[in-house]
Amino acid sequence: EAGAHVIVEKPMAPSLRECDAMIAAAERGGRLLSPVAQMRFKEAPWKIKRLLELGLAGRLHHVQTNAFYWRGGSYYDLDWRGRWETEGGGCTLNHAVHYIDLMLWWAGRPQEVCAFMTNRLHENSEVEDLSTAILRYPDGMLGQVTSSLLHHGERQAILLQADRAAIALPFAVSCCRSLENGFPQPDPDLERTIAAAYEGLPSPRCTGHTGQIENVLQAAEGKGPLLISGADGRGTLELITAIYKSATLHATVNLPLSPDDEFSTSEGIVKAAPRFFRKTRSVSGFSSNTITVGSADIR
């Protein structure tokens, strides 16, 4: 509304209603709105997107997203963390958002969501530290998303199964062909073909946050399209909201969500969401500010 272009960190907002207000403001002002999804500008995700577009692996049948993180109990001692009102949710919203965004970028939006969530390790937190969702796509493809703060080793990954190959992040490719009796036999020739195609694809000129900021600056100067829009950020939050709704109501949730859905507002989520534990201690800060950022294998 002040006439500025906006880059906003993840998650774009704690509710779909707020996403819609942000998108509407950008449209009224003719300004750019780009929620941060810096993983798209890392080399492996960037090239996997284009590899899928080439179609060498064939049609997708299953996507498995492992957003595995680990945090100690003291992580939730900061006052704003671990409360639905101030954090908006737990690991599904604030950690898995990166991998959910990549999954949607590669595989598209599912049609149905069935999810469960719990808190197994963090007793100073109302919100979830573990969730698992099963997804069904319009063409019958299935997906899984696990969001966690209790997985030692933080081995984050996305695995895509297609007709002729499996493609994974961190990048790997596996191919099988059928023996006469239907059992699998490795197909190293196709693996080499797909791996060579991956290696031959261009890398992003700038990676991570730098790549996204460069794209926004170029789009603002009319030198290219905006690669991550408000609609992209909203789409990621919509799936996360559907996971929360399904896990809270113990029901299958259809996408897209209705604009008047009770879970479309922060107030609706706060009212409905379970409190796994009662927050009993809070600090304003930690003496150590060491922060780790997950798997070093994804570049």
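**Entry 1: helices α1 and α8**

I began with α1 and α8, whose axes lie 10 Å apart and which pack at an angle of about 175 degrees. Because angles over 145 degrees count as roughly antiparallel, I wrote down α1 as roughly antiparallel to α8. I note here that I am reading a predicted model. Looking for the residues that meet, I found Leu16, Cys19, Asp20 and Ile23 on the side of α1, and on the side of α8 I found Gly230, Ala231, Arg234, Leu237, Glu238 and Thr241. Sorted by class, this contact of α1 with α8 holds five nonpolar, two polar and three charged residues. To make sense of such lists I reminded myself that an α-helix has 3.6 residues a turn, so residues three or four places apart point the same way.

**Entry 2: Glu18 in α1**

I stayed with α1, which runs over residues 16–29, and picked out Glu18 within it. Is Glu18 buried or exposed? I had to settle on a middle answer, since Glu18 has a relative accessible area of 35% and is therefore partly exposed. Leaving out residues up to four places away in sequence, I saw that Glu18 touches Ala13 and Ser266. I also looked up how Glu18 stands to Arg275, and from C-alpha to C-alpha the two are 23 Å apart in space, with their positions 257 residues apart in sequence.

**Entry 3: Ala251, after α8**

Next I moved to Ala251, which I located in the loop between α8 (230–249) and β12 (253–254). Ala251 has 31% relative accessibility, so I entered this residue as partly exposed. When residues up to four places away in sequence are not counted, Ala251 touches Val113 and Ser246. I then compared positions with Phe116, which is 135 residues from Ala251 in sequence, while the C-alpha atoms of the two are 9.5 Å apart in space.

**Entry 4: α2 beside α5**

I turned to α2 (residues 43–54) and α5 (residues 97–107), whose axes come within 10 Å and cross at roughly 20 degrees. Since angles under 35 degrees count as roughly parallel, I recorded α2 as roughly parallel to α5. The crossing in which α2 passes α5 is right-handed. On the α2 side, the contact is made by Pro45, Trp46, Ile48, Lys49, Arg50 and Leu52, and on the α5 side by Leu102, Trp105 and Trp106. I sorted this contact of α2 with α5 by class and entered seven nonpolar residues, no polar ones and two charged ones.

I also wanted to know how much of α5 is covered, and I found that eleven of its eleven residues are buried. Among these buried residues of α5 are Leu102, Trp105 and Trp106, along with His98 and Asp101. Just after α5 I came to Gly108, which takes a positive phi of about 85 degrees.

**Entry 5: α2 beside α6**

Still following α2, I looked at α6 (residues 188–200), and here the two axes come within 9 Å and cross at roughly 120 degrees. I therefore described α2 and α6 as oblique to each other. The crossing of α2 past α6 is right-handed. Glu43, Ala44, Lys47, Ile48 and Leu51 of α2 make this contact with Ile194, Ala197, Tyr198 and Glu199 of α6. By class, I divided the residues of the contact of α2 with α6 into six nonpolar, no polar and three charged.

**Entry 6: two asparagines**

Where does Asn119 sit? I found Asn119 in the loop between β4 (112–118) and β5 (130–136). Its relative accessible area is 7%, and because buried means under 20%, I entered Asn119 as buried. I then followed its side chain, which has a polar atom 2.8 Å from the backbone oxygen of Val127, and which also reaches the backbone oxygen of Ser125 at 3.5 Å. Setting aside neighbours within four places in sequence, I listed the contacts of Asn119 as Ser125, Val127, Asp129, Phe276 and Phe277.

The other asparagine I looked up was Asn215, which is found in α7 (residues 208–220). Asn215 has a relative accessible area of 7%, so I marked this residue as buried. With neighbours within four places in sequence left aside, Asn215 is in contact with Phe41, Pro225, Leu226, Leu227 and Ile228.

How values were computed. Residues numbered from 1 in each chain as written. Predicted model: local features only at pLDDT ≥ 70, side-chain atom pairs only at ≥ 80, totals over all residues. Heavy atoms only, no water. Axes fitted to C-alpha atoms, helices over the stretch in contact; angles between N-to-C directions. Helix = DSSP H or I, 4+ residues; strand = E, 2+ residues; numbered from the N terminus. Parallel < 35°, antiparallel > 145°, perpendicular 65-115°, else oblique. Left-handed = near helix turned anticlockwise from the far one by under 90°. Contact = heavy atoms within 4.5 Å. Nonpolar A, V, L, I, M, F, W, Y, C, P; charged D, E, K, R; others polar. Buried < 20%, exposed > 50% of the residue type's maximum accessible area, 1.4 Å probe, protein only. Polar contact = N/O pair within 3.5 Å; in protein donor to acceptor, adjacent residues only side chain to side chain.
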